[in-house]
Amino acid sequence: MKKIGILFGQERSFPEALIKTINDRNIPNISAEPVRIDKVIQGEDSGYAVIIDRISQDIPFYRAFLKNAALCGTAVINNPFWWSADEKFFNNCLATKIEVPVPKTVILPSRDLPPDTSDLSFSNLAFPLDWEGIFNYVGFPAYMKPFAGGGWKNVYRLASQEEFFEKHAETNQLVMLLQEEIVFEEYYRCYCIGGKYVRIMPYEPRNPHHLRYVADFSPSAERLEQMQSIVLRINQYLGYDFNTVELAVRDGVPYAIDFCNPAPDADVKSVGQENFNWVVETAANFAIEKAEQHQSGRDNLTWGAYLQKGVTGKPLI
């Protein structure tokens, strides 16, 4: 029996529906269940052909468990090694090399010293930074947000240099991005599963959370094709099996705003029933596909084109 495990935290609607959907199909030798961990011993198989990870970004113990499982042949969705290495600033840097429009963005050292460091630890860092060059590049208004993490935590909209320095003083040890504001006419949140299945959802981030999917944008067939191409290119290069990409359309150009969401919101109350049904069915299809393709004792992870091309020495594009 090839088992598909779902590793999750507080959420309920998506993992429960996904498990039920897979099991209701009655596919011989394939079943789904919540992952159960009673011990983790180095080099021992987890017992799962596939694990869909929804929580390890918050629990380091789970991330270590998943790496061990992957080493023993489990197809982990998403690749825990790449997820550990990835962050939002690198994603923006990569986008500039694969012809994906992104806002002008810089990364900033933390306002306060990290633990166990002193001024001497930053001997290579200019003081002060070239603030004039940074502000001239990004412009104002701008957004400041952590270079890792999500959920709209510690996100600031800044109208001026003075406001930047005031708010940056509140960020403590967080490493922040300063990013050009994209004043958009339309905004979309796009699921991408398996690097090939895309659902483009009109989205209004300025609405209250429960109303953000209530938007009346009506993209043309050409715009839909353009956005799908961007979403696929991003996820195929990053190697994410399950991710969302947020696109802000300004002057007809879709800018990738946020595309490091490997455990994206999939709760029925926030995404709506129609989108929920799509993500459950598509995730079930992909998990079953991965289980059927699983080979014991082999690496069954997805590795993105960025890493593959780096290993082979091929040009990025």
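Contact, as the word is used for packing here, means heavy atoms within 4.5 Å. The structure described is a predicted model, and it contains an open sheet of four antiparallel strands in the order S5-S8-S6-S7 as well as an open sheet of four parallel strands in the order S2-S1-S3-S4. The points below take up these two sheets and the helices that pack on them, then the cavities and a pocket, and finally some local features of the backbone.

**The antiparallel sheet**

- Helix H4, residues 88-97, lies across S5, S6 and S8, and its direction runs at about 150° to that of S5.
- Helix H5 also packs on this sheet, where it touches S5, S6 and S8 and makes an angle of about 145° with the direction of S5.
- In the strand order S5-S8-S6-S7, with antiparallel pairing throughout, the edges are formed by S5 and by S7 (156-158), each of which pairs on one side only.
- Neighbouring strands of this sheet are turned against each other by 25° on average, when direction is ignored.
- Strand S6 is joined by five bridges to S8 (residues 176-180), the two strands running antiparallel, and Pro146 has Met176 of S8 as its bridge partner.

**The parallel sheet**

- The strands S2-S1-S3-S4 pair in parallel, and the edge positions belong to S2 and to S4 (75-77), each pairing on one side only.
- The average turn between neighbouring strands of this sheet is 20°, again with direction ignored.
- Four bridges connect S1 (residues 2-7) with S3 (residues 50-53), and these strands run parallel; within this pairing, Ile4 has Val50 of S3 as its bridge partner.
- Helix H1 packs on the sheet by touching S1, S2 and S3, with its direction at about 160° to that of S2.
- Helix H2, residues 60-71, lies across S1, S3 and S4 and runs at about 155° to S3.

**Cavities**

- The structure holds two cavities of 30 Å³ or more, of which the largest has about 50 Å³ of space and the second largest about 30 Å³.
- The lining of the largest cavity consists of Lys88, Asn91, Asn92, Lys145, Leu177, Gln179, Ile257, Asp258, Phe259 and Cys260, which divide into four nonpolar, three polar and three charged residues.
- Helix H4, S8 and S12 each supply at least two residues of that lining, and H4 gives the most, with three residues.
- The second largest cavity is lined by Asn91, Leu94, Ala95, Ile98, Ile234, Leu238 and Phe259, and the elements giving two or more of these residues are H4 and helix H7 (221-238).
- The largest share of this second lining, three residues, comes from H4, and the lining divides into six nonpolar residues, one polar residue and no charged residue.
- Asn91 and Phe259 appear in the lining of the largest cavity and also in that of the second largest cavity.

**The second largest pocket**

- The second largest pocket has a volume of about 460 Å³, and of the 15 residues that line it, the closest to its centre are Pro109, Ser110, Arg111, Leu125 and Phe127.
- Its lining residues divide into eleven nonpolar, two polar and two charged.

**Backbone features and loops**

- Most residues other than glycine have a negative phi, and most peptide bonds are trans.
- The peptide bond from Phe127 to Pro128 is cis, with omega near -5°, and Pro128 is placed in the loop between S5 (105-108) and H5 (131-138).
- A cis peptide bond also joins Phe140 and Pro141, with omega about 0°, and Pro141 is found in the loop between H5 and S6 (142-146).
- Asn29 has a positive phi, near 70°, and lies in the loop between H1 (13-24) and S2 (30-34); because its relative accessible area is 53%, Asn29 counts as exposed.
- Asp116 has a positive phi near 60° and lies in the loop between S5 and H5; its relative accessible area of 83% is why Asp116 counts as exposed.
- Gly252, in the loop between S11 (242-250) and S12 (253-258), counts as partly exposed because its relative accessibility is 30%.
- Leaving aside residues up to four places away in sequence, Gly252 touches Glu185, Arg223 and Gln226, and the C-alpha atoms of Gly252 and Phe184, which are 68 residues apart along the chain, are separated by 9.3 Å.

Conventions. Residues numbered from 1 in each chain as written. Predicted model: local features only at pLDDT ≥ 70, side-chain atom pairs only at ≥ 80, totals over all residues. Heavy atoms only, no water. Buried < 20%, exposed > 50% of the residue type's maximum accessible area, 1.4 Å probe, protein only. 1 Å grid on protein atoms, 1.4 Å probe; cavity = no way out; pocket = protein on both sides within 12 Å on 5 of 7 lines; lining within 4 Å. Points joined across faces, edges and corners; volume = space filled by probe spheres on them. Nonpolar A, V, L, I, M, F, W, Y, C, P; charged D, E, K, R; others polar. Pairing = 2+ DSSP bridges. Axes fitted to C-alpha atoms, helices over the stretch in contact; angles between N-to-C directions.
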